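Hello, and thanks for sharing this one with me. Here are some notes to read with the structure open beside you.

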Amino acid sequence: EIVSQHHLTEYPWGRGSPFGQLKELRGLMVSLGFTKLGFTPLHYVECELHHEVKLFERVFDGHVTYTWQRNSGETGTHRFINRVGVINPPKLARYFSSAIHREVKISNLYIAGLPAYEGIERLSELAKQGITIYPDL
């Protein structure tokens, strides 16, 4: 159910994608060994606010087209908008309290957790203020 409509979405991380589903289901994002706030579903914000927050218009450039095939043999072609740009998720870590963003280190492995709904909502608020993971925007 979570991935069933991903091949039909306009954006790789937007509504209808598994990442959008994670938000709607109020799932938990978990990151192993990545940077602070290095959660791929957080790209949902620029997909959803692409036309509302003007700086996100520079985040998308061109399209990606691919073909897909289900186990049943059904095939199709899909096209989605391509995201570009260097990102710096750790720069936003200070905007998240330890009550919502948890991070621990076990030996040399960083493990982090963030509720998808709350994390995406917080980043949406920040983006509307011009605060994003994009250092050069």
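The points below go through the predicted model from its core to its surface.

1. **The nonpolar core.** A good place to begin is the inside. The largest nonpolar core has 30 residues, and the members that touch the most others are L37, L42, F56 and L114. Three elements each give two or more residues to this core: α2 (44-48), β5 (109-115) and α3 (116-128). The element that gives the most is α3, with five residues.

2. **A look at L42.** Try selecting L42 and listing what surrounds it. Which residues is L42 in contact with, leaving aside neighbours within four places in sequence? They are M29, L37, L114, G119, I120 and L123. Two of these, L37 and L114, are also among the core members that touch the most others.

3. **H50 and its partner.** Next, please find H50 in the loop between α2 and β2 (60-69). Is H50 buried or exposed? Its relative accessibility is 9%, so H50 counts as buried. The H50 side chain makes a polar contact with the side chain of Y11, at 2.6 Å. Not counting residues up to four places away in sequence, H50 touches Y11, F56, E57 and F60. One of these, F56, is a name you have already met in the core.

4. **A salt bridge between a strand and a helix.** The salt bridges come to 10 in all. One of them joins R83 and E46, whose closest N and O atoms are 3.9 Å apart. Why is this pair worth a look? R83 belongs to strand β3 (residues 75-83) and E46 to helix α2, so the salt bridge ties together parts that are 37 residues apart in sequence. The two partners fall into separate classes of exposure: R83 has 21% relative accessibility and counts as partly exposed, while E46, at 2%, counts as buried. The cut-off helps here, because buried means under 20% relative accessible area.

5. **More salt bridges.** E57, which you saw touching H50, also forms a salt bridge with K54, at 3.4 Å from N to O. In this pair E57 is partly exposed at 35% relative accessibility, whereas K54 is exposed at 58%. Another salt bridge links the side chains of R70 and E74, with 3.0 Å from N to O. Here R70 counts as partly exposed at 34%, and E74 counts as partly exposed at 41%. Salt bridges with shared partners also join K23, E24 and E121 into one network.

6. **A nonpolar patch on the surface.** Now turn to the outside. Which residues make the nonpolar surface patch of about 390 Å²? They are L28, V30, L32 and L109. Strand β1 (residues 28-32) gives the most to the patch, with three residues. L109 lies in strand β5 and is partly exposed, with a relative accessible area of 34%. Strand β5 is also one of the elements that give two or more residues to the core.

7. **Two backbone angles to check.** Most residues other than glycine have a negative phi. R26 has a positive phi of about 55 degrees, although it is not a glycine. You will find R26 in the loop between α1 (18-24) and β1. S107 is also not a glycine and has a positive phi, of about 60 degrees. S107 sits in the loop between β4 (102-106) and β5, and at 64% relative accessibility it counts as exposed.

8. **T75 on strand β3.** Last, take a look at T75, which is found in strand β3. Is T75 buried or exposed? With a relative accessible area of 53%, T75 is exposed. Leaving aside neighbours within four places in sequence, T75 is in contact with W68 and Q69. For a sense of distance, compare T75 with H43: they are 32 residues apart in sequence and 27 Å apart in space, from C-alpha to C-alpha. Strand β3 is also where R83 lies, the partner of E46 in helix α2.

Key:
Residues numbered from 1 in each chain as written. Predicted model: local features only at pLDDT ≥ 70, side-chain atom pairs only at ≥ 80, totals over all residues. Heavy atoms only, no water. Core = buried A, V, L, I, M, F, W, Y, C linked by side-chain atoms within 4.5 Å. Buried < 20%, exposed > 50% of the residue type's maximum accessible area, 1.4 Å probe, protein only. Helix = DSSP H or I, 4+ residues; strand = E, 2+ residues; numbered from the N terminus. Contact = heavy atoms within 4.5 Å. Polar contact = N/O pair within 3.5 Å; in protein donor to acceptor, adjacent residues only side chain to side chain. Salt bridge = Lys/Arg side-chain N within 4 Å of Asp/Glu carboxyl O. Patch = residues over 30% accessible without salt bridge, like charges linked within 9 Å, V, L, I, M, F, W, Y side chains within 5 Å. Areas by Shrake-Rupley, 256 points an atom, 1.4 Å probe, with all protein chains shown as cover.
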